[in-house]
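Please open the structure in your viewer and keep the sequence panel visible beside it. The tour begins with the whole molecule and then proceeds from one selection to the next.

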Amino acid sequence: MRRVCFVGASNIEGMGDEDGLGWPLRLWQKYKGTDNEFVCYNLGIRGQTMNQFLKRAEHECEQRFHRTSHPIIVLGTGANDLSRFAEGEFAGKPRTPQTSLLRTFRALLSELSSIATLLVIGPPVIDADRMPFKMAKLPTLDFRNEDIETFSQIYQDICCEANIPFFNLYAALSQNQLYGRSLKAGVDGLHPTGLGYQEIAEHIRAWDAWRQTIETD
């Protein structure tokens with residue numbers, strides 16, 4: 001049976017999903033009991049940045065791919081790196097400088113694509129009306145849809161250069177009314193309810209690159 005590792009932060013983990021599934025397990029449910037059923041490993045850790053993915057993802061995936069054939073990694077880029085500081089002397093500045101972020105992204109693509117078939121998912125839409133985002137013991141962060149849209153295109157261009165499939169989740173969800181309602185009903189403007197995660201799962205399931213990959217013997 002195919003093994004699929006889903007790497008990312010809170011949107012991979014499924015934060016805010018009342019059923020505790022997130023979109024990876026909701027996607028897995030669609031294949032359970034079919035010829036294309038796969039083992040799902042959710043390696044999402046809320047709050048992490050791309051650099052933190054780089055420090056752990058290769059090792060964590062390799063442990064799960066031992067003695068398996070045709071492994072798959074789905075990398076959820078997330079929006080943590082794209083946020084801006086909302087207060088203090090660095091207000092308006094990005095949490096992760098662009099040069100550093102893109103260097104890390106390219107390194108992550110190189111590492112993960114060397115051990116498995118790699119698919120990359122862009123960051124999702126946020127509810128701008130509920131920003132900035134405040135959590136205890138962390139700096140207040142401002143997430144902006146315009147930054148997510150811009151970096152989705154940058155990530156897509158880099159993946160295209162590396163011949164790695166990329167799904168622009170921002171473009172898929174930006175005008176999606178069901179997802180918008182789910183996001184507004186969610187915990188913080190960044191994470192939807194289960195209905196929103198189900199919507200993401202359906203989009204990924206219909207994506208040609210995913211279908212071609214999961215259906216390959």
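**The whole protein**

Display the surface of the protein: about 10500 Å² is exposed, and carbon and sulfur atoms supply 47% of that area. Accessible areas come from the Shrake-Rupley method with a 1.4 Å probe, and for residues only the protein chains shown count as cover.

Two remarks on the source are needed before you continue. This is a predicted model, in which local features need pLDDT of at least 70 and side-chain atom pairs count only at pLDDT 80 or more, while totals for chains, interfaces and linings use all residues. Residues are numbered from 1 along each chain as its sequence is written, and side-chain values use heavy atoms, with hydrogens and water left out.

Now change to a cartoon view, in which the secondary structure of the protein comes to 9 helices and 7 strands. Helices (H or I, at least four residues) and strands (E, at least two) are DSSP runs, numbered from the N terminus. The radius of gyration of the protein is 17 Å, close to the 17 Å that the globule rule gives for 217 residues, so the protein is as compact as a globular protein of that length. This radius is taken over C-alpha atoms, and the globule rule is 2.2 Å times the number of residues to the power 0.38. Along the principal axes, the C-alpha atoms fill a box of roughly 55 × 35 × 30 Å.

How many of the 217 residues count as buried? The proportion is 50%, where buried means under 20% relative accessible area, exposed means over 50%, and partly exposed lies in between (1.4 Å probe, protein chains only). Among contacts (heavy atoms within 4.5 Å) with a separation of 6 or more, residues 24 or more positions apart account for 74%.

**Arg2 and its surroundings**

Select Arg2, which is found in strand β1 (residues 2-8). Arg2 is buried, with a relative accessible area of 11%. Not counting residues up to four places away in sequence, Arg2 touches Glu37, Phe38, Val39, Ser69, His70, Ile72, Thr213, Ile214 and Thr216.

Which backbone oxygens does the side chain of Arg2 reach? One belongs to His70, at 2.6 Å, and another belongs to Thr213, at 3.3 Å. For a distance of another kind, select Leu25: Arg2 and Leu25 are 23 residues apart in sequence and 15 Å apart in space, C-alpha to C-alpha.

**The loop between α3 and β3**

Move from Arg2 to His70, whose place is in the loop between α3 and β3. His70 is partly exposed, with a relative accessible area of 42%. His70 has a positive phi of about 55° although it is not a glycine.

In the loop between α3 (50-64) and β3 (72-76), select Arg67 as well. Arg67 is exposed, with a relative accessible area of 79%. Arg67 has a positive phi of about 60°, although it is not a glycine. Most residues other than glycine have a negative phi, and most peptide bonds are trans.

**Helix α2**

Next, select helix α2 (residues 22-31), in which the buried residues are Gly22, Trp23, Pro24, Arg26, Leu27 and Tyr31. Just after α2, Gly33 takes a positive phi of about 85°.

**A cis peptide bond**

Proceed to Pro132, in the loop between β5 (117-121) and β6 (141-142). Is the peptide bond from Met131 to Pro132 cis or trans? That bond is cis, with omega near 5°.

**Helix α5**

The last stop is helix α5 (residues 145-161), where Asp157 lies. Asp157 is partly exposed, with a relative accessible area of 39%. Add Ser114 to the selection: the C-alpha atoms of Asp157 and Ser114, 43 residues apart along the chain, are separated by 19 Å.

Finally, select Asn145, which also lies in helix α5. Asn145 is buried, with a relative accessible area of 16%. Not counting residues up to four places away in sequence, Asn145 touches Val125, Ile126, Ala128 and Tyr170.

Key: Polar contact = N/O pair within 3.5 Å; in protein donor to acceptor, adjacent residues only side chain to side chain.
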